[in-house]
Amino acid sequence: MSKYSSQSLKSIFRIKSPVISRTITPLPFSTSSPSSNLTAAILNAKTRSQAMRLFDSAIPRTDLTKNLTLHSAIIHYLTRARLYPDARCLIKRLIENLRKTRNPRKVCSLIFNSLGEIDSGSSCNVFGVLIIALSEMGFADDAYRVYQKMGELPSLHACNALLDGFVKIGQFEYMWDIYSNMLSSGLCPSVVTYGVLIDACCLEGEILKAKMLYDEMAEKGIQPNVVIYTTLIRGFANENKIQEAESMFSKMWEIGVTPNLFTYNTLMDGYSKMANAGRAFQLYQEMLNHGILPNIVTFGILIDMLCKVGEVIAARNLFACMVKFGVGPNLFVYNCLIDGCCNTYDMSAALEMHSEMEKLGISPDVVTYGTLIKGHCTLGKVDEAERFLLKMETRGVVVNSVVYNQLIDRYCKDRNMEKALALCSQMIEKGVQPDVVTFSILIDGFGKVGDLEAAMGVYTEMVIKGLKPDVVAYTALIDGHFKRGNAKTALRLHKEMMEGGVAPNAFTFTCLVDGCLKNGMIGDAIKFFLKISSSRSTGVEVDCSNGVLSFPNNVTYSALIHGLCKDGQYFKANKFFVDLRCNGLYPDLPTYAMMIQRHFEARHITCVMMLKADMLKTGFMPNPCMYKVLLKGYQDMVDLSSTRKCYEELKDSGLASSGASLTQSLQDHVNSSALLT
């Protein structure tokens, strides 16, 4: 019985929601209109200076929201005078101030109505300026409402701003509707329009559509600029189509468009994600040769790549070069270096980097502390990891579930489930709710200590909270139930897993194969094994997370071969052994020993010789157990010559002292055989 009752687990995972009270007090706002004479005077001003003097004399700069009519008048004047940046700036300040005292949803309508009350002959352009201002401020929905109320298509500049506004907030369907209206109204797209559309396609992962728009530009005689090429390069790189990205890069040079720093950074980033340090640094050198100086983004890309491929010394050397270019390090670069040091188990260097960044006034964030905690947990230094957790709380850095999960996982690996649960309770008290990873870690931890009841209790709490168990959780439960002899429950969980759309990995299949074999379900074991093989041959991949192979590994093969041999199905066992070797996998010595023993029993001496040669070719040297199998086999075959050879090999291998009894058995066998002859 588990000492963790269902009730105690429920108390740990009970959600503790903080009570938040907020009172909103509206500020006073006056819409009293000034005299119509002042409005007319602003509209009829001869110069910008005169119009602004009249406006400022009535409304101080510190009170932009006092009178909307005068604001509307000056905006109309500036727009009619084609002073669009000034008009846009004034609208933005007006929006910001109105949103402080008014319902944000009503601000747009308030300004639109006020602007519409003035007829200066430039209403369409005025509304276009309003659309641009709203779009640039991130209020694309409000800008779209203005667009709908206008009753006519605004200028191309306003349309482009609205398209870009929707791209920035990820509402691509509205963007395509607006573009369709532009085309149907006869408004010709510009290079800016195409730049926005191509950017949208790349963000949506529609790289082929982006390429079609690029080709369409060429057909219309519109010359792509450096922004469009850089966007396409980024799109291709993000889709792992690095050759197409290179093709675009070459095309730029061909048509005379010079790549800029952003272009080089984008392409270098693509190669860094592929861990192609050679080409990334080639581009870096090429960039320097063209007189383009690197920035912090450049160094961040290269240092991050070097750390990820384990070249931490090279990364630190490049870090030192930043000073020569006058580029100061930032939080991202330090986090990359600290992560690189932790991954190479050099915690002293990681701590040195942490100390250095603090001296420079760069405050560590949750990533910094999380990386240091992960590094200490990996080395089993859980006390040091806990100290960094306390430091985070002291510094006011919000601890997230990722950080807690690393510590909980360490405690589970140390089989300290009490501490793991205590930490889980602590994170909930701090307002951080356990996620799928948290529950999976605990389920796996309880599974490893053999407390299946507690593992199922955590699983139940997980389901109650509406969280979907992942492959780690399911695999741990399946393995635990098989080990308890609960094959029926294990298979039910596997079925539930498949129906829930959770892809099994090789660990899952290995548990299924091994579990079925140990529970005497040979047919089911073969069925699961063949399912893995068919997924490989048909291209259907199982989950490859956690570095797990998506096809049968040598552990899976070995489990099946041993099970079949124990069941007396030697022919099938041999078939799977041959498949194992054909797939480029290597059996372990116990598997070789078992197959050699079966071939001895079948008196297949040629197969024995071939297996022994294959074993030596793959780098495995016979151990005392293997020599024991060989001795018995040759003895049963009455093969004195091979027996003598085994004895000589054993003496030459240096195993004679560790296997004294075996050596004596061989010597006795040789002596008795000599007497017989």
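The model contains 28 salt bridges, each one a side-chain nitrogen of Lys or Arg within 4 Å of a carboxyl oxygen of Asp or Glu. This is a predicted model, in which local features need pLDDT of at least 70, side-chain atom pairs count only at pLDDT 80 or more, and totals for chains, interfaces and linings use all residues. Residues are numbered from 1 along each chain as its sequence is written, and side-chain values use heavy atoms, with hydrogens and water left out.

**Salt bridges**

Three of the pairs are listed here, including the distance between their N and O atoms.

| Pair | N to O distance |
|---|---|
| D199 and R234 | 2.6 Å |
| R387 and E384 | 3.8 Å |
| E386 and K419 | 3.8 Å |

Take D199 and R234, whose closest N and O atoms are 2.6 Å apart. D199 sits in helix α11 (residues 191-204) and R234 in helix α13 (residues 226-238), so their salt bridge ties together parts that are 35 residues apart in sequence. Helices here are DSSP runs (H or I, at least four residues), as are strands (E, at least two), numbered from the N terminus. D199 is buried, at 17% relative accessibility. R234 is partly exposed, at 27%. The cut-offs are under 20% relative accessible area for buried, over 50% for exposed, and partly exposed in between, with a 1.4 Å probe and protein chains only.

Next comes helix α22. R387 and E384 pair through their side chains at 3.8 Å, N to O. Both belong to helix α22 (residues 382-395), three residues apart, which separates them by about one helical turn. R387 is exposed, with a relative accessible area of 52%. E384 is partly exposed, at 27% relative accessibility.

E386 bridges to K419, with the closest N and O atoms 3.8 Å apart. E386 lies in helix α22 and K419 in helix α24 (residues 417-429), so this salt bridge joins parts that are 33 residues apart in sequence. E386 is buried, at 17% relative accessibility. K419 is partly exposed, at 35%.

Salt bridges can also link up. R88, K92 and E136 form a network of them.

**Helix packing**

How many helices and strands does the protein chain have? The chain has 37 helices and zero strands. Two packed helices are described by the angle between their axes and the distance between the axes. Axes are lines fitted to C-alpha atoms, for helices over the stretch in contact, and angles run from 0 to 180 degrees between N-to-C directions.

Helix α25 (residues 436-448) packs on helix α27 (residues 471-483) at about 20 degrees, with the axes 8 Å apart. That makes α25 roughly parallel to α27. Angles under 35 degrees count as roughly parallel, over 145 as roughly antiparallel, 65 to 115 as roughly perpendicular and the rest as oblique. The two helices cross in a left-handed sense: the near helix is turned anticlockwise from the far one by less than a right angle, whereas clockwise would be right-handed. On the α25 side, S440, I443 and D444 make the contact; on the α27 side, V472, A473, A476 and L477 do. Contact means heavy atoms within 4.5 Å. By class, this contact of α25 with α27 has five nonpolar, one polar and one charged residues. Nonpolar covers Ala, Val, Leu, Ile, Met, Phe, Trp, Tyr, Cys and Pro; charged covers Asp, Glu, Lys and Arg; the others, Gly among them, are polar.

Helix α32 (residues 570-582) and helix α33 (residues 589-601) have axes that come within 11 Å and cross at roughly 135 degrees. That makes α32 oblique to α33. The crossing is left-handed. From α32, the contact uses Y570, A573, N574, F577 and R581; from α33, it uses T591, Y592, M595, R598, H599 and E601. The contact of α32 with α33 has five nonpolar, three polar and three charged residues.

**Two residues and the whole chain**

Is A140 buried or exposed? A140 is buried, with a relative accessible area of 1%. It belongs to helix α8 (residues 140-150). Leaving out residues up to four places away in sequence, A140 touches L134, L162, G165, F166 and I169. A140 and I169 are 29 residues apart in sequence and 7.8 Å apart in space, C-alpha to C-alpha.

L288 lies in helix α16 (residues 277-289). L288 is partly exposed, at 25% relative accessible area. With residues up to four places away in sequence not counted, L288 touches P294 and F325.

Of the 677 residues of the protein chain, 47% count as buried. Among contacts between residues at least 6 apart in sequence, 62% join residues at least 24 apart.
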